[in-house]
Structures are given as C-alpha cells and as structure tokens.
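Subject: Structure for your review

Dear colleague,

I am handing over the structure below and would be glad if you could look through it with the notes that follow. They go through the charged side chains, then some packing, and end with a loop.

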Amino acid sequence: KESLFFYNLALEIQPNDQKILYNKALCYKDINDFINAKNICEIILKLNQKNEKAKKLILDLNKRI
C-alpha cells in the first residue's frame, strides 16, 4: 500500500502518465482490489485506446471480479 501513496504523488505531477497509472493498477491487483485496478485501466484506455497492457489486464481482472 505504500507504493500506492507514491504513485498518487507521481500522478499529482503527471496525471495522464500511462506507466504510472498501469503500475498503480498492478498494485491494486496485488492487494486483490480488482475493481479499482479495472477502473484505472479504463482511465488508461480513455487516454490511449491502443494500450495493450491495459486491455490484457482488464481481461485478467474480469476473471477475478
């Protein structure tokens, strides 16, 4: 959860950074918060519809929700 704190700080500076958002989604996945992870992936896809990592992560998360 400490990682989430630092990703949130980074997002205050770069709110549309897809790498930061993706890593934050992975943190949520690691703590079994699949809904927040999926919501972040959806934000990534709004920024870039072609982001394959976010698409794959959503498919994985859908199996777990």
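Asp60, with a relative accessibility of 21%, counts as partly exposed, and I begin with this residue because it belongs to a network of salt bridges that also links Lys29 and Arg64. Please keep in mind throughout that this is a predicted model.

**Salt bridges**

The structure contains three salt bridges. In one of them the side chains of Asp60 and Lys29 meet, with 2.9 Å from N to O. Since Asp60 belongs to helix 4 (residues 52-64) and Lys29 to helix 2, this pair ties together parts that lie 31 residues apart in sequence. Lys29, like its partner, is partly exposed, and its relative accessible area is 21%.

Asp60 also meets the side chain of Arg64 in a salt bridge, here at 3.3 Å from N to O. Arg64 and Asp60 are four residues apart in helix 4, so about one helical turn separates them. Arg64 counts as partly exposed at 43% relative accessibility. Through these pairs, Lys29, Asp60 and Arg64 are linked in a network.

There is also a salt bridge between the side chains of Lys55 and Glu52, at 3.5 Å from N to O. Both residues lie in helix 4, where they are three residues apart, or about one turn of the helix. Lys55 is partly exposed with a relative accessible area of 33%, and Glu52 is likewise partly exposed, at 43% relative accessibility.

**A buried lysine**

Which lysine is buried yet has no salt bridge? That residue is Lys24, for which the nearest side chain of opposite charge, Glu12, is 9.2 Å away. Because a salt bridge requires a side-chain nitrogen within 4 Å of a carboxyl oxygen, a separation of 9.2 Å leaves Lys24 without one. Lys24 is found in helix 2, which covers residues 18-30. Once its neighbours within four places in sequence are set aside, Lys24 is in contact with Leu4, Tyr7, Asn8, Leu11 and Ile40.

Two of these contacts deserve a closer look, and I take Tyr7 and Ile40 in turn. Tyr7 lies in helix 1 and counts as partly exposed, at 23% relative accessibility. The C-alpha atoms of Tyr7 and Lys24 are separated by 6.2 Å, although the two residues are 17 residues apart along the chain. Leaving aside neighbours within four places in sequence, Tyr7 is in contact with Ile20, Asn23, Lys24 and Cys27.

Ile40, for its part, is placed in helix 3 (residues 34-47) and is buried, with a relative accessible area of 7%. With neighbours within four places in sequence again left out, the contacts of Ile40 are Leu21, Lys24, Ala25 and Tyr28. Ile40 and Lys63, by comparison, are 23 residues apart in sequence and 16 Å apart in space, taken from C-alpha to C-alpha.

**Nonpolar surface and aromatic rings**

Phe5, Phe6 and Leu9 make a nonpolar surface patch of about 300 Å². Leu9 is found in helix 1, which runs over residues 2-13. Leu9 is partly exposed, with a relative accessible area of 36%, and Phe6 is also partly exposed, at 46% relative accessibility. Since residues of a patch need over 30% relative accessible area, the 36% of Leu9 is enough on that count.

The number of aromatic pairs comes to one. This pair is formed by Phe5 and Phe6 and is edge-to-face, with 5.2 Å from centre to centre and 80° between the planes. Phe5 and Phe6 thus appear both in the aromatic pair and in the nonpolar patch with Leu9.

**The loop between helix 2 and helix 3**

Finally, Asn32 lies in the loop between helix 2 and helix 3. Asn32 has a positive phi of about 60°, although it is not a glycine. At 56% relative accessibility, Asn32 counts as exposed.

With best regards

Methods: Residues are numbered from 1 along each chain as its sequence is written. This is a predicted model: local features need pLDDT of at least 70, side-chain atom pairs count only at pLDDT 80 or more; totals for chains, interfaces and linings use all residues. Side-chain values use heavy atoms; hydrogens and water are left out. Helices (H or I, at least four residues) and strands (E, at least two) are DSSP runs, numbered from the N terminus. Buried means under 20% relative accessible area, exposed over 50%, partly exposed in between (1.4 Å probe, protein chains only). Lys and Arg count as positive and Asp and Glu as negative; His and the chain ends are not counted. Contact means heavy atoms within 4.5 Å. Patches are made of residues with over 30% relative accessible area and no salt bridge: like charges are joined within 9 Å, nonpolar side chains (Val, Leu, Ile, Met, Phe, Trp, Tyr) within 5 Å. Accessible areas come from the Shrake-Rupley method with a 1.4 Å probe; for residues, only the protein chains shown count as cover. Rings of Phe, Tyr and Trp (its six-membered ring) pair if their centres lie within 6.5 Å; planes under 30 degrees apart count as stacked, over 60 as edge-to-face and the rest as tilted.
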